[in-house]
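Ready to practise reading a protein model? Grab a pencil, keep the structure open beside you, and try each task before you look at its solution.

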Amino acid sequence: MAPGHPDSLWAATATPAAAYAPLQGAERADVCVVGGGLTGLSAALHAAEGGASVVLLEAGQVGSGASGRNGGQVIPGLKLDPRELEAAFGAERGARLTELVGGAADFVFDLVRRHRIACDARQDGWLKACHSPAALRAAALTARDWSGRGAPVEEIDRVRIAELTGTGAYHGGFVDHRGGVVQPLSYTRGLARAAQQAGVRLHERSPAETPRREGGEWVVSTPSGSVRADRVIIGTNGYTDLAGARGPWPGLARTVIPVYSYIAATRPLSDDLRQSILPKGQAVSDSRRLLRYFRLDAGGRMVMGGRGAMRESADRADYASIIGSALELYPALRAREWEFVWGGRVAVTLDHLPHLHEPVPGVHAGLGYNGRGVAMATVMGKVLADRVLGRGAPVFPESALRPVPLHRWRRPFFEVIVAWKRALDRLEGISRRP
Ligand SMILES: Cc1cc2nc3c(=O)[nH]c(=O)nc-3n(C[C@H](O)[C@H](O)[C@H](O)COP(=O)(O)OP(=O)(O)OC[C@H]3O[C@@H](n4cnc5c(N)ncnc54)[C@H](O)[C@@H]3O)c2cc1C
């Protein structure tokens, strides 16, 4: 079933949705994009700006997948550091890839400015907060790797991180001054509006079936219409298995593991409390194996996220550990009411990298952002648009569709891994608090 908008903080505070009618009848375009999240919308926008005629099909509504549900943290870079990218892809390609992903947050904030997207965007930095000495050593390597290449990434000690986060729970970490925050659903809707203004024809409630080849073109059918196109771009990420066997491409869903991330948000905090928590308004992700990520929204609410159960849930009992971790960091939140809880699917890859595929000539896909897609999916959309337009030398490596082993058993398997990681985090984090 196509995802609708959950009862989230973002749905309650976003800029109004525009309605895009379902596809009816036959349309023709140079490019058909499947998926109305950040990957698909950015691909559609950039392809249209590059001169292509574009139709975009979204099974639910614009942003009703992860793009309208996430923490809104705009994080540059990937889970792999620059030196690891160079080791994996060679010095020259690794360096170009580093430049691409290192510029991902700037790319988002530039788009926001260029298209005047009202989404409470703030580029005040992103904090990596370390819960253990080992994590601090790893974070120092990351920070030095970036700062050695001229990026504005600054190591911080336990005194400074306590000042910036308002909690003594962390050993130190770094501030990446390229990062920041957006209201994610407003950002996604703004991209949709920009795409429409660039000429993209958007259709919601239009689940796409697997493209089929007919008379030298790709035909993408939905329940009430079809699009004939020269090229297809798929941006369905953690929701790739929605249409089951008739989904956007055979085998694509099995290349990622969809896991749930959950978020809880308080009512607006008092000015005093807000000032004592995150006084500079930066977004934070910590270093736990099951990471916690948190920020304040534009209304001064605490927004706390972390790993959820392997299912969609609006049951507050399922959010106890997320809320518990917020209270552990900030006991003053105890008296606050948690107004919203919601979750969504993140697509995890085994190599921790996003993947770009072209399983057959003319069909392109980008997915697997490992929970860091706000910036990276936006960039991937541009990469995919450049590919179909035949522009620029390819920077992002293309890979074959490789199914995750034992994909059928991912749920029980992941539950065990999550329980194990949670136990390790508990042992390490709480007992070694400075
Ligand atoms: C709770 C949560 C918190 C997160 N926090 C952060 C964060 O703070 N920072 C960060 O960088 N990243 C974060 N992420 C990850 C980030 O949201 C994603 O990486 C990013 O939104 C992926 O964008 P996308 O367009 O590829 O996928 P999605 O936004 O998931 O969009 C995929 C779309 O494809 C559609 N679709 C699927 N199948 C079909 C079909 N057959 N036909 C038509 N449409 C189809 C779906 O309906 C969906 O709308 C978070 C994710 C979640 C769930």
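The exercises below go through a ligand site, a cavity, some backbone angles and a few pairs of residues. Keep in mind that this is a predicted model.

**Exercise 1. The surroundings of the ligand**

Task: Find which residues come nearest to the ligand, and describe the shell around the ligand by residue type and by element.

Solution:
- Step 1. Start with the count: 39 residues are around the ligand, and T39, E58, S67, Q73 and A208 come nearest.
- Step 2. Sort the shell by type, which gives 17 nonpolar, 18 polar and four charged residues.
- Step 3. Look for polar partners of the ligand. A side-chain N or O atom of E58 is 2.6 Å from a ligand oxygen.
- Step 4. The backbone takes part too: a polar backbone atom of L38 is 2.9 Å from an oxygen atom of the ligand, and for a backbone N or O atom of G65 the distance to a ligand oxygen is 3.5 Å.
- Step 5. Now ask how much of the ligand is covered. On its own the ligand exposes 1,000 Å², and the protein buries 99% of that.
- Step 6. Finally, trace the shell back to the elements. Two or more residues each come from α2 (38–49), β12 (257–266), β16 (338–348) and α11 (373–389).

**Exercise 2. An internal space**

Task: Work out how many cavities of 30 Å³ or more there are, and what lines the largest cavity.

Solution:
- Step 1. Recall the idea behind the search: a probe the size of a water molecule, rolled over the atoms, shows where empty space is left.
- Step 2. With a cut-off of 30 Å³, the count is three cavities.
- Step 3. The largest cavity holds about 50 Å³ of space.
- Step 4. Its lining is made of D241, P258, Y260, M310, R345, R410 and R411.
- Step 5. Sorted by type, the lining has three nonpolar and four charged residues, and no polar ones.
- Step 6. Both β12 and α12 (410–431) supply at least two residues of this lining.

**Exercise 3. Positive phi angles**

Task: For D120 and L278, give the phi angle, then decide whether each residue is buried, partly exposed or exposed.

Solution:
- Step 1. Know what to expect: most residues other than glycine have a negative phi.
- Step 2. Read the angles. D120 has a positive phi near 50° and is not a glycine; L278, also not a glycine, has a positive phi of about 45°.
- Step 3. Place them in the chain. D120 sits in the loop between α5 (104–114) and β4 (126–130), while L278 belongs to the loop between α9 (271–276) and β13 (283–286).
- Step 4. Apply the cut-offs: under 20% relative accessible area is buried, over 50% is exposed, and partly exposed is in between.
- Step 5. D120 is partly exposed because its relative accessibility is 45%. L278 is buried because its relative accessible area is 1%.

**Exercise 4. One loop residue and its partner**

Task: Locate N70, classify its burial, and find a polar partner for its side chain.

Solution:
- Step 1. N70 lies in the loop that runs between β2 (54–57) and β3 (73–74).
- Step 2. Its relative accessibility is 17%, so N70 counts as buried.
- Step 3. A polar atom of the N70 side chain lies 3.1 Å from the backbone oxygen of S67. You have met S67 before, among the residues that come nearest to the ligand.

**Exercise 5. Apart in sequence, how far in space?**

Task: For R178 and S261, find the burial class, and the C-alpha distance to a residue elsewhere in the sequence.

Solution:
- Step 1. R178 is in the loop between β6 (172–176) and β7 (180–181). With 7% relative accessibility, R178 is therefore buried.
- Step 2. V74 is 104 residues from R178 along the chain, and their C-alpha atoms are 8.6 Å apart.
- Step 3. S261 is part of strand β12. Its relative accessible area is 14%, so S261 is buried.
- Step 4. S261 and G308 are separated by 47 residues in sequence, and by 4.9 Å between C-alpha atoms.

Conventions: Residues numbered from 1 in each chain as written. Predicted model: local features only at pLDDT ≥ 70, side-chain atom pairs only at ≥ 80, totals over all residues. Heavy atoms only, no water. Near = heavy atom within 4 Å. Polar contact = N/O pair within 3.5 Å; in protein donor to acceptor, adjacent residues only side chain to side chain. Areas by Shrake-Rupley, 256 points an atom, 1.4 Å probe, with all protein chains shown as cover. Helix = DSSP H or I, 4+ residues; strand = E, 2+ residues; numbered from the N terminus. Nonpolar A, V, L, I, M, F, W, Y, C, P; charged D, E, K, R; others polar. 1 Å grid on protein atoms, 1.4 Å probe; cavity = no way out; pocket = protein on both sides within 12 Å on 5 of 7 lines; lining within 4 Å. Points joined across faces, edges and corners; volume = space filled by probe spheres on them. Buried < 20%, exposed > 50% of the residue type's maximum accessible area, 1.4 Å probe, protein only.
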